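Trainee: Could you take one part of this model and go through it closely, following its contacts outwards? I would like to know which residues are covered and which are open to the solvent side.

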Amino acid sequence: MSNSTSRMNRLFRFTRQLPGEYPLLSILIAFQVVFLMLPTLIVLVVSFQAGDLVRFPPDDFSLQWYAQIPGEDRFISAFYRSIAVALFCTLLAIPIGILTGLGLIRYDIRFEKPLQIYFLLPFTVPLVVSGVILLIILGELGYIGSLWTVGLALTIINIPFMIWSVTSRVNALDPELENAAKNLGADEIQTFINVTLPSLMPGVITGSLIMFVLGLNEFIVSLIITTPDIVTLPVLIYTAIRSNISPLIAAIASVYVFVAFAAVLVADRLVGLEQFLKS
């Protein structure tokens with residue numbers, strides 16, 4: 001018991017000597033960041049492997065696998081399909097998110113409780129279950145085999161993130177601004193376009209970026225919904241690594257990392273990371 005107490009005392013003395021107001025919390029956060037980034041960093045390093053076999057650390061470094069990506073037509077086509085699906089999700093989610101966010105806060109909706117339960121589905125229902133349900137429904141309707149079907153399925157699953165983002169801005173919106181516009185003679189549409197919508201834009205932009213990234217990277221539902229003719233890039237990468245893991249796949253996966261990083265930069269440029277995280 002005394003040894004344990006002594007070790008704990010030494011740990012506390014060590015943490016008090018560290019810089020910052022909460023040094024122990026800073027250590028835990030740094031550990032979590034490293035833990036989350038380590039797989040991505042390994043993939044990035046492996047993508048520069050000069051040889052044909054995946055090794056970590058690489059024997060030698062080369063950009064040859066990145067140079068081969070433009071010639072991989074099936075991966076390029078799959079990437080374009082993933083972009084199309086992500087854009088479809090984003091464009092469809094914007095009006096749904098704005099109208100639903102305003103409706104939930106401003107009006108007394110009859111089915112508000114079921115909607116709130118639906119918003120928890122991304123955290124409570126496994127994606128494989130949602131994918132199978134959507135496959136059955138869309139299959140019965142005869143819509144399987146179209147790219148827009150994949151986008152619709154991903155929108156249905158991920159739309160709560162868009163609604164949450166917009167709702168947070170609706171809660172922060174000062175109703176006196178809208179009342180002032182109406183008192184100055186603006187009608188409902190003018191008030192919405194000139195006052196309400198600009199105030200909601202940080203939440204709309206944040207939700208749009210989230211929907212785009214989720215639509216771009218979604219794998220499980222895409223694996224269930226897609227067919228060989230409309231396969232998206234995450235599904236194609238999964239299919240490729242089942243037969244052969246090569247540095248080329250790591251290089252292609254790294255492109256996804258760069259796209260996600262670019263989305264974060266866009267969020268920082270448009271609304272700022274602080275507002276992005278608040279949304």
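Mentor: Asn217 is partly exposed, because its relative accessible area of 31% lies between the 20% limit for buried and the 50% limit for exposed. This is a value from a predicted model, as are the others below. Asn217 belongs to helix H10, which runs over residues 188–217, so Asn217 is the last residue of that helix as DSSP assigns it. Beyond four places in sequence, Asn217 has contacts with Pro234 and Tyr256. Its C-alpha atom is 9.7 Å from that of Ile83, although 134 residues separate the two along the chain.

Ile83 leads to the helix pair that surrounds this part. Ile83 is one of the H4 residues that meet H10. Helix H4 covers residues 73–106, and its axis comes within 8 Å of the axis of H10. The two axes cross at roughly 140°, and the crossing is right-handed. On the H4 side, the residues in contact include Ser82, Val85, Ala86, Cys89, Ala93 and Leu102. Their partners in H10 include Phe192, Leu200, Val204, Met211, Phe212 and Gly215.

Val85 deserves a separate look. Val85 sits in helix H4, and with a relative accessible area of 1% it is under the 20% cut-off and therefore buried. Leaving out neighbours up to four places away, Val85 touches Leu147, Val150, Gly151, Leu154, Gly215 and Thr232. Gly215 is also on the list of H10 residues that meet H4. Leu147, Val150, Gly151 and Leu154 fall within helix H8, residues 147–172. Trp148 is 63 residues from Val85 in sequence, yet their C-alpha atoms are 6.9 Å apart.

Ser222 has contacts in this region too. Ser222 lies in helix H11, residues 220–225, and is buried because its relative accessible area is 1%, under the limit of 20%. Apart from neighbours within four places, Ser222 is in contact with Val150, Leu154, Thr232 and Val235. Val150, Leu154 and Thr232 are thus contacts of both Ser222 and Val85.

Further along H8 is Ile163. Ile163 is buried, with a relative accessible area of 4%. Its C-alpha atom is 6.7 Å from that of Thr100, a residue 63 places away along the chain, and Thr100 falls within the span of H4.

Trp148 and Ile220 lead to the surface. Together with Val128, Val129, Val132, Ile133, Ile136, Ile137, Leu141 and Tyr143, they make up a nonpolar surface patch with about 860 Å² of accessible area. Helix H7, residues 127–141, gives the largest share of the patch, seven residues. Val128 is one residue in H7; its relative accessibility is 44%, so it counts as partly exposed.

As for the setting, the protein has 14 helices and zero strands. Of its 279 residues, 34% are buried. The accessible surface amounts to about 16,800 Å², and carbon and sulfur atoms account for 67% of that. Among contacts between residues at least 6 apart in sequence, 71% link residues at least 24 apart.

Note on methods:
Residues are numbered from 1 along each chain as its sequence is written. This is a predicted model: local features need pLDDT of at least 70, side-chain atom pairs count only at pLDDT 80 or more; totals for chains, interfaces and linings use all residues. Side-chain values use heavy atoms; hydrogens and water are left out. Patches are made of residues with over 30% relative accessible area and no salt bridge: like charges are joined within 9 Å, nonpolar side chains (Val, Leu, Ile, Met, Phe, Trp, Tyr) within 5 Å. Accessible areas come from the Shrake-Rupley method with a 1.4 Å probe; for residues, only the protein chains shown count as cover. A salt bridge is a side-chain nitrogen of Lys or Arg within 4 Å of a carboxyl oxygen of Asp or Glu. Helices (H or I, at least four residues) and strands (E, at least two) are DSSP runs, numbered from the N terminus. Buried means under 20% relative accessible area, exposed over 50%, partly exposed in between (1.4 Å probe, protein chains only). Contact means heavy atoms within 4.5 Å. Axes are lines fitted to C-alpha atoms, for helices over the stretch in contact, and angles run from 0 to 180 degrees between N-to-C directions. A crossing is left-handed if the near helix is turned anticlockwise from the far one by less than a right angle, and right-handed if clockwise.
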